[in-house]
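Student: Could we go through this structure together, one question at a time? I would like each answer to come with its reasoning.

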Amino acid sequence: MKTLFAHRRRALQAQIAARGLSGILSTSPADWYYLTGFTGEAGALIILRKGAALVTDGRFTVQAKEETSGIRVVKQTGSLAASVGKWLRGRGRGKIGFDAAQVSVEQFRNLRRSGGARIRWSLAGAEIGSLRQVKELGEIAQMRKAALLAGDVLCAALKLLKPGVREIEIAAEIEYLMRSRGASGPAFGTIVAFGARSAHPHARPTGKRLGKNELVVLDLGVILGHYCSDITRTVFVGRAPARIRRWYSAVQEAQAAAVAAARAGITCEDVDAAARGVLAHYRLDKYFVHSTGHGLGLEVHEEPRVARGQRHILVSGNVITIEPGVYVPGVGGIRIEDDVAIHAGRTEVLTQVPRNLIEI
């Protein structure tokens, strides 16, 4: 693994040189792990054209030295931004890229002040992300395991659904099942939504009890070996009426169309359009209120986005979710979501749970 981390840093250093930068600063834990193997919770990583430094506080310095190789570990003194600037100033002059989404205005002021006039700052955010969004075979293998585990947990959770149970109880059981089966935790706050609340795409579990003849949306993901999965299934408690069956069939067809469209050489907006076109045919597109999917990896939401206007061309190594949905206020929602890996010449659905309407 240490060789792999070093290889990734060299790839980033080539991008740094091509951009005319002296280095790049990241305060993202996912970036730290991807480039060094460090799993601590606080710090800043500085990748220079030659060499790298990880600034972290006394809680994590020993851990950083144990988990990394070829990285200088710098103990934070004072604020993190001041420590980063001070270390850079000691290196001389240079132009350092940073991601504005990671650095607050106050932190940037401290970086400039402590770095001094010889350190110049430049907006740069895509370099590390462009590396992370193209997964290596080992990463996809780990994500395949995470996807299968999420599917196992979801299937186990379906057996817990019965009238009278509360959303929050099912969510708690789901997260227990994740950890008891080897996950380090949930990839995001588990979504459990009953009845009309399932029309809220990101509904958080409440004390609502499950009634008869209600839709149920379960959206969950695990973190396994640092990598995330994300799966959604919708079930009906009772015998689904005709309109629910029509809506479900439309969403199922839209998802299948988007999965079929997702392949190397196709833009993300074309994948999104494939799902929307099916829902438009059924006159349900106005009830589809979010994007078709997103990138997946060390974080549950990564680039690329699978949405309107996204001209990113899918390449081998991309892993995305495909999750069209229909949300009818006052009635409920239907979403079907799977994790999809793009390979040269083929597409692999990593999540392996049946997609047909389940009635319980």
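What follows is a set of questions from a student, each answered by a tutor.

Student: Before we start, what kind of model is this, and which pLDDT do side-chain atom pairs need?

Tutor: Residues are numbered from 1 along each chain as its sequence is written, and side-chain values use heavy atoms, with hydrogens and water left out. This is a predicted model in which totals for chains, interfaces and linings use all residues, local features need pLDDT of at least 70, and side-chain atom pairs count only at pLDDT 80 or more.

Student: Thanks! In helix 5, which residues are buried, and within what arc do they fall?

Tutor: Helices here are DSSP runs of H or I with at least four residues, strands are runs of E with at least two, and both are numbered from the N terminus. Buried means under 20% relative accessible area, exposed over 50%, and partly exposed in between, with a 1.4 Å probe and protein chains only. In helix 5 (residues 105–115), the buried residues are Asn110, Leu111, Ser114 and Gly115. Taking directions from the helix axis to the C-beta atoms, these buried residues line one face of helix 5, because they fall within an arc of 115 degrees.

Student: Which residues are exposed on the other side of helix 5, and what do its buried residues pack against?

Tutor: On that other side, the exposed residues are Val105, Arg112 and Arg113. For packing, contact means heavy atoms within 4.5 Å. The partners of the buried residues of helix 5 are strand 1 (23–26), helix 4 (80–89) and strand 6 (119–123).

Student: Where is His290, and which side chain does it join in a polar contact of 2.6 Å?

Tutor: His290 sits in the loop between helix 10 (268–281) and strand 13 (293–295). Beyond neighbours within four places in sequence, its contacts are Pro201, Arg276, Glu323, Gly325, Tyr327 and Arg335. A polar contact is a pair of N or O atoms within 3.5 Å; within protein, one must be able to donate a hydrogen and the other to accept it, and residues adjacent in sequence count only if both atoms are side-chain atoms. At 2.6 Å, the side chain that His290 joins is that of Tyr327.

Student: How many disulfides are there, and how far is the sulfur of Cys155 from the closest cysteine sulfur?

Tutor: A disulfide needs a pair of cysteine sulfur atoms within 2.5 Å, and a search of the whole structure finds zero. Cys268 is in no disulfide, with the sulfur of Cys228, the nearest, 18 Å away; Cys268 is also buried, at 0% relative accessibility. Cys155 counts as partly exposed, at 33%. Its sulfur is too far for a bond, because the closest cysteine sulfur, in Cys228, is at 20 Å.

Student: How many salt bridges does the search find, and how far apart in sequence are Glu299 and Arg132?

Tutor: A salt bridge is a side-chain nitrogen of Lys or Arg within 4 Å of a carboxyl oxygen of Asp or Glu, and the whole structure has 21. Glu299 and Arg132 form one, at 2.9 Å from N to O. Glu299 is partly exposed at 34% relative accessibility, whereas Arg132 is buried at 7%. The pair links distant parts of the chain, with Glu299 in the loop between strand 13 and strand 14 (302–306) and Arg132 in helix 6 (residues 126–132), and their separation is 167 residues.

Student: Which residues are in the network of salt bridges?

Tutor: Glu299 and Arg132, the pair we just met, both belong to it. The full network links Asp31, Arg132, Lys135, Glu299 and Glu302.

Student: How many residues does the largest nonpolar core have, and which element gives the most to it?

Tutor: A nonpolar core is a set of buried Ala, Val, Leu, Ile, Met, Phe, Trp, Tyr and Cys residues joined through side-chain atoms within 4.5 Å. The largest has 36 residues, and Leu12, Leu35, Ile47 and Val319 have the most contacts inside it. Among the elements that give two or more residues are helix 1 (2–18), strand 2 (44–48) and helix 7 (137–158). The element that gives the most, with five residues, is helix 2.

Student: Which residues does Leu35 contact beyond its neighbours within four places in sequence?

Tutor: Leu35 is among the residues with the most contacts inside the largest core. Its contacts, with those neighbours left aside, are Phe5, Arg8, Arg9, Leu12, Leu45, Ile47 and Ile128.
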